[in-house]
Every structure is written in C-alpha cells, then in structure tokens.
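Here are a few notes to help you find your way around this one. Have the model open while you read.

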Amino acid sequence: MLNVTPEFILLALVVITALAFDFTNGFHDTANAMATSIATKALTPKAAVTLSAILNLVGAFLSVEVAITVTNAVIRIQNPDGTPKPELTADSGHALLLILMAGLAGAIIWNILTWLWGLPSSSSHALFGGLIGATVASMGWGGVKWVGEGTKLDGVIGKVVLPALLSPAIALVVAMVGTALVYRITRDVAERYQENGFRWGQIGTASLVSLAHGTNDAQKTMGVITLALIASGNWTQTHDVPFWVKVACALAIATGTYIGGWRIIRTMGKGLVEISPPQGMAAESSSAAVILVSSQLGFALSTTHVATGSILGTGVGRKGATVRWRVAGRMGLAWLTTLPLAGLVGAGMWWIGHLIGGSTGAFIVFGLMCLAALYMWWHSRHDRVGHHNVNDEWVDAEKAQQEVPVSGGVR
Amino acid sequence: MDQLLAALDGAWRVLLAGLLLGAGLPAMFAFGVRALAWGTGGDAEIHADGVLPKAHLGGRIVAYTMFSLVVLAVLIGVGYITAHGLGYSITFNGIIPVITAKH
C-alpha cells in the first residue's frame, strides 16, 4: 500500500499539474502543424487533429533521450548532471516541489489565457517564465541564470530571448522565398490543378512538424516530473525516466492535441494570412526545415514562433496577398509578455504556497489554478470556436465590435 | 555580447540550411506539379480557348521523379527525428548521412 503522507500528496499534485501543463502544451500547439492544412481544406478539421495527435503520441515515445536537465538552461535548481541541488531536497524535496508546482501553475494559467484570446504563444516560454518567477520568489535573483558564459548559448538571454527574436525572422525569410519560388514555377498551371497538387505536399510536411513537436515538447514535461520524483526520493537515475511517466506524458500531449486549440488554429489559419495550398506547403516546409536544422545545430527555439514566422512569410512572398499585421502585432505583444507574466503568476503562486505552508499551501495553489482555468473556460463559452466554425470568414476585431457587441479579443 | 554573436552565428547557419531545405523542397515539388501539368495536358495547364494541350510522357516521368525526391527528403526527416530521439546523432559527411550513437 502507498503511504499517503503530506509529502506524497504534494508530489502527486506536482505530477498532476505537470500533466495538465503537457495537455495545454498539446492543444496550444495543434495550430503550429495543422492550422494551414485546415485553412486550405487539405484535411478536414477532425482528420487534421487526429493525425497530429497520433504523430505527437508517436513522437513522445521516440524521445528516449529525455532532457532531465531541462531547467538548467534558465534556473539553478539542478546540478549539471540533473540531480536537484541538495539545499532544496530537505524535507522530501518540499522546497523544490513547491517551485515546480508554482511554476507549472503560472505556465498553465498563461497558456489558457492566451488560448482564450486566440493567440499562439510559446508553451516553452510559459514554462520557463513560470519556473523563473517561482525561483526568483524562492531563491532570489541569483537563482536564475540570466546570461550564459562565453560563446555557448545559455541562460535566459541565450536560450530564450535571442532565439525568440531570431527564429521567427528566419522562418519568415525561408517561407517568403519558398512561396515566391513556388508561385513563379507554377504560374502556367491551372489554379485548381495546382491547388490539388500542393494539398498533398502540405499534408506530408505538416506531419513532419507534428512529429518533431511530439519529440521536443513532451520530453520537457517528462524532465520536470522526473526531477520531482528525484527530489522527493522516489527515483534515482538521471539518464532514464520511469516508463509510466513517459506513457502519461505522451497521452497528455496527444489528448491535448486532439482536443485542438481551435481559437488558435483559427487565428493562425485564417487570421494572419488567407492561405492557399501552395502557401501552406511553403509554410510547413519552412517550419519543418527550420525546426530540424536548429535542433541539429543545438539552437533552441520555439515551434510556435517558427510556425507563425513561416505563415507571415507566405503572406509576404505571394504577390497581392493580404497580411493582417494588426493580428501579427497582437501576437508579437503576447510573445514579449509571455515570459514575464507567466513569471509573475509563478512568483505569486509560490508566495501563496509558501506563506500558507505545508501541503495545505500546495493544495491552495492547485485549487487557485483550477479555479482560474475553469473561469477562463466558462468565459470561452460566450463565443465558441470549434471544428464547425474554425474556417469561417475572418472578421476584423473592430468591425465585429461595431456590428455585434461581443466580448473583445480576436474571435 | 558574446551571447549575441553566438546567436547570430547560429542564426545564419540555420537560415542557410533552412533556405536550402525549407524553400528548396517546395520549389522541387512545384517543378513536379508544373511537369505533371505539362505531362497531363488538357485543362491542367493555362491554355488558349479551343486548343487543348497534348499530354507528354516525359512530363509525367519528370514529375514523379521530383515527387519521389521530395518524399525521400521527408522520409530522411522522419529518420532524423527518430534517430535523434533514440539517442543517435547524424552527421552529414558530404551528402551521405552517418548515424552514430551519442554515448
């Protein structure tokens, strides 16, 4: 029988919260791979999310080399070999578990809020932001690795900020060139014939993005859960994760992907640029190439930033296409604020948990997170976006407000 | 400052390789679509009213060669993700990929 102690309850809450984060990670990022295929009707909305979910599931199992050192890029709660710092593991790892709990809660709240607004924001930024906030609250500013040393890209600047500025620009240029080339080469081909051809190409490249997403993102949660298990003395290896953790994370991210963040899919597929199949294929090829090349060269980046840059690029690369820069601007604002705001929520959550103390504190943090999530979900029912209306004509926000007084935000 | 330079150094490599693969592959696919339209003839190509373009076998051969190359590239991509996830690293020595265990 399991011995249900307060320490065990805290650990269980951290694991559940981590899986919940993995789930939001899944539905937030369905759009990265599938928004273009849904917008061009290469796949029906249901088929697209199903395909993407399966590939994420497969991808999650493919990542044997799990990043147990995932937090080392930005905060100092682990030793270089992945074991937690000894000063945090006293009392069954209470200090470390509370940091993880508060950080994950901050990340989840930010992920759901940006989903409500229909804005694609990076789930890795939200996770890092939440953890940084909780770490600063707990250990002070010195607990965070702000800038890496020398020329090895590391720390908040090298692993998060600089790639976030550079990667969308790179993806934009690649997709722009790809789109321009494709239209130039096929200009003598009848439009219907051209579009049907490219739908096939699009499905292939979108699948590649989904698979890469599963291998990259699921393992972040696996790393966090394994760290919690090590800190509480329930696991000792730093080169392997328990099998049940792998299964749970794979299922969480795949379920999230299947549920589909329709609001975000709509913004990326219809809101930024009206996408045709050739543009869709150029965008997905650009995303897949940039993601895979960067991972080969050890250049950390966010799938979300790359996918958005690619979609904007196909708009710039096609003559006469409209790019809604206002929507892109809102998105850019969300990117800039993701890390600090998730950090603020993470820090706030840590203080609440710390001041109340013990497993009661952790319970309150967990409860607050659930309440916030439920409230935002309830709010989303006012203007539902689902597979039935994801491809409806895009109405600019201000026009919509003049015509029908609905709640604000990108619909 | 070192970090910025390191990031820019990484960025131009990603840009170069990204352009080659990310813009090159759709371009090849586009050549395939173009060749297939020529190979199919009829309404696949934009043509003057009344004269339907003829079908060309050569066009179809070129098209399917192009498509096969793109499919091959996607399969290499899948292989790459798989190998990487299973703890192997791939180095491209020249063009032939060499798979080696990381540990």
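How many residue pairs are in polar contact across the interface of chain B and chain A, counting those with both residues at pLDDT 80 or more?

1. Just one: the rule finds a single such pair between chain B and chain A. Keep in mind that this is a predicted model.

2. Salt bridges tell a similar story, with one found across the interface of chain B and chain A. Have a look at Asp188(A) and Arg34(B), which form a salt bridge with their closest N and O atoms 3.7 Å apart.

3. On chain B, the side that touches chain A draws two or more residues from each of helix H1 (2–40), helix H2 (57–85) and strand E1 (88–93). H1(B) gives the most, with 27 residues. By type, that side of chain B splits into 29 nonpolar, 11 polar and six charged residues.

4. As for extent, 46 residues of chain B are in contact with 51 of chain A. About 3,900 Å² is buried between the two chains, and carbon and sulfur atoms give 77% of that. On the chain B side, Gln3(B), Val14(B) and Ile81(B) lose the most area to chain A, together 18% of what that side buries.

5. Now for the nonpolar cores. The largest has 120 residues, and Val74(A), Ile77(A), Leu100(A), Ile132(A) and Leu272(A) have the most contacts inside it. Helix H3 (residues 90–116) of chain A is the top contributor, giving 16 residues. A second, separate core has 17 residues, including Ile185(A), Leu25(B), Val33(B) and Ala37(B).

6. Try clicking on Ile77(A): beyond its neighbours within four places in sequence, its contacts include Pro84(A), Leu88(A), Leu96(A), Met139(A) and Leu227(A).

Terms used
Residues numbered from 1 in each chain as written. Chains lettered and ligands numbered in written order. Predicted model: local features only at pLDDT ≥ 70, side-chain atom pairs only at ≥ 80, totals over all residues. Heavy atoms only, no water. Core = buried A, V, L, I, M, F, W, Y, C linked by side-chain atoms within 4.5 Å. Buried < 20%, exposed > 50% of the residue type's maximum accessible area, 1.4 Å probe, protein only. Helix = DSSP H or I, 4+ residues; strand = E, 2+ residues; numbered from the N terminus. Contact = heavy atoms within 4.5 Å. Buried area = accessible area lost by both parts, 1.4 Å probe. Salt bridge = Lys/Arg side-chain N within 4 Å of Asp/Glu carboxyl O. Polar contact = N/O pair within 3.5 Å; in protein donor to acceptor, adjacent residues only side chain to side chain. Nonpolar A, V, L, I, M, F, W, Y, C, P; charged D, E, K, R; others polar.
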